[in-house]
Amino acid sequence: KRGQMNPHFLFNALDAISNFIFKNQPKDAVLYMGKLAKLMRLTLESSRNTSMVLADEIDLLEKYIDMCKLRYGSFHWELTVEDGIDIYDQTLPPMLLQPLVENAVQHAVRPRLAKGEEGTIRCKVSEQNQRLIIDLKDNGPGVQQLNSNDNSHGLSIIKERLELLTKKHEELHAIRIDSMNNDGLILGTHVSLILPTVIEE
């Protein structure tokens, strides 16, 4: 399941490089390729392991966000980690967060930037009841946008993988997806990853 996520991201990245070349922007193409190489190195290293240190996952996300800003334009990205969580000791299954952030970029941020509006993604890592909670919020159209085939397929892979991890470790690995709204006005999508608190030994 984890292996099925990588090709989708790689195809998008190669498409971005092709667009830079087509638009005669060789410097941007080279810069993007450099960032992609660093990101793919991290991704390949994580794919060999069953767990990933949170600090490395954050590094991977930051590099991915840099690539998105180069391709689509500047937007607000914010990542906070609750006090008391040691990002160098805390581990989690690899390749869970990046596809979710990619969904937020593609279905919330990118359309808003195309209309000249501000795009926002906020990620918060916290601990509740001995669970690692990762909340991802965007200011897009809400869960209605998650019905496209590509997006549904990606989320299905994540859900199936979490179910397999739950069975394997006999500990809850889950995802919750909801629209955020205020008096019927959709404010965006809220995705929560619920994972066991695992400390690297």
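Two residues are in contact when heavy atoms of theirs lie within 4.5 Å. With that in hand, we can start on this predicted model by asking how its contacts are spread along the sequence. Taking the contacts in the chain with a separation of 6 or more, 68% are between residues 24 or more positions apart.

Now for the elements that make those contacts. The chain has five helices and eight strands, and if you follow the sequence from its start, they come in the order α-α-β-α-β-β-α-β-β-α-β-β-β. Of the 201 residues in the chain, 42% are buried.

Let's step inside. In soluble globular proteins, nonpolar side chains tend to be buried together. Here the largest nonpolar core holds 44 residues, and within it Trp77 and Ile134 touch the most other members. Helices and strands both feed this core: α1 (2-22), α2 (26-47), α3 (54-72), α4 (97-114) and α5 (149-169) each give two or more residues, and so do the strands β4 (120-128), β5 (131-138) and β7 (185-196). The largest share, nine residues, is supplied by α3.

Ile134 is a good place to pause and look around. Once its neighbours within four places in sequence are set aside, which residues is isoleucine 134 in contact with? The partners are Leu92, Leu97, Cys123, Lys124, Val125, Val191, Ser192, Leu193 and Leu195.

One of those partners, Cys123, brings us to the cysteines. Cysteine 123 counts as buried because its relative accessibility is 3%, under the 20% cut-off. Cysteine 68 has 4% relative accessibility, so it counts as buried by that cut-off too. As for disulfides, the structure holds zero.

Finally, let's turn to the empty space. Rolling a probe the size of a water molecule over the atoms shows where empty space is left. Searching the whole structure turns up three cavities of 30 Å³ or more. The second largest cavity contains about 60 Å³ of space. Ten residues line it, and Asn12, Tyr32, Tyr64, Arg71 and Tyr72 are the closest to its centre. What is the character of this lining: how many residues are nonpolar, polar and charged? Six are nonpolar, two are polar and two are charged.

The lining of the second largest cavity also leads back to the helices. At least two of its residues come from each of α1, α3 and α4. Helix α3 gives the largest share of that lining, four residues, and α3 also gives the largest share of the nonpolar core.

Terms used: Residues are numbered from 1 along each chain as its sequence is written. This is a predicted model: local features need pLDDT of at least 70, side-chain atom pairs count only at pLDDT 80 or more; totals for chains, interfaces and linings use all residues. Side-chain values use heavy atoms; hydrogens and water are left out. A nonpolar core is a set of buried Ala, Val, Leu, Ile, Met, Phe, Trp, Tyr and Cys residues joined through side-chain atoms within 4.5 Å. Buried means under 20% relative accessible area, exposed over 50%, partly exposed in between (1.4 Å probe, protein chains only). A disulfide is a pair of cysteine sulfur atoms within 2.5 Å. On a 1 Å grid over the protein atoms alone, a cavity is a set of points where a 1.4 Å probe fits but cannot get out, and a pocket is an open set with protein on both sides within 12 Å along at least five of seven lines; lining residues have an atom within 4 Å of a point. Grid points are joined across faces, edges and corners, and a volume is the space filled by probe spheres set on the points. Ala, Val, Leu, Ile, Met, Phe, Trp, Tyr, Cys and Pro count as nonpolar, Asp, Glu, Lys and Arg as charged, and the others, Gly among them, as polar.
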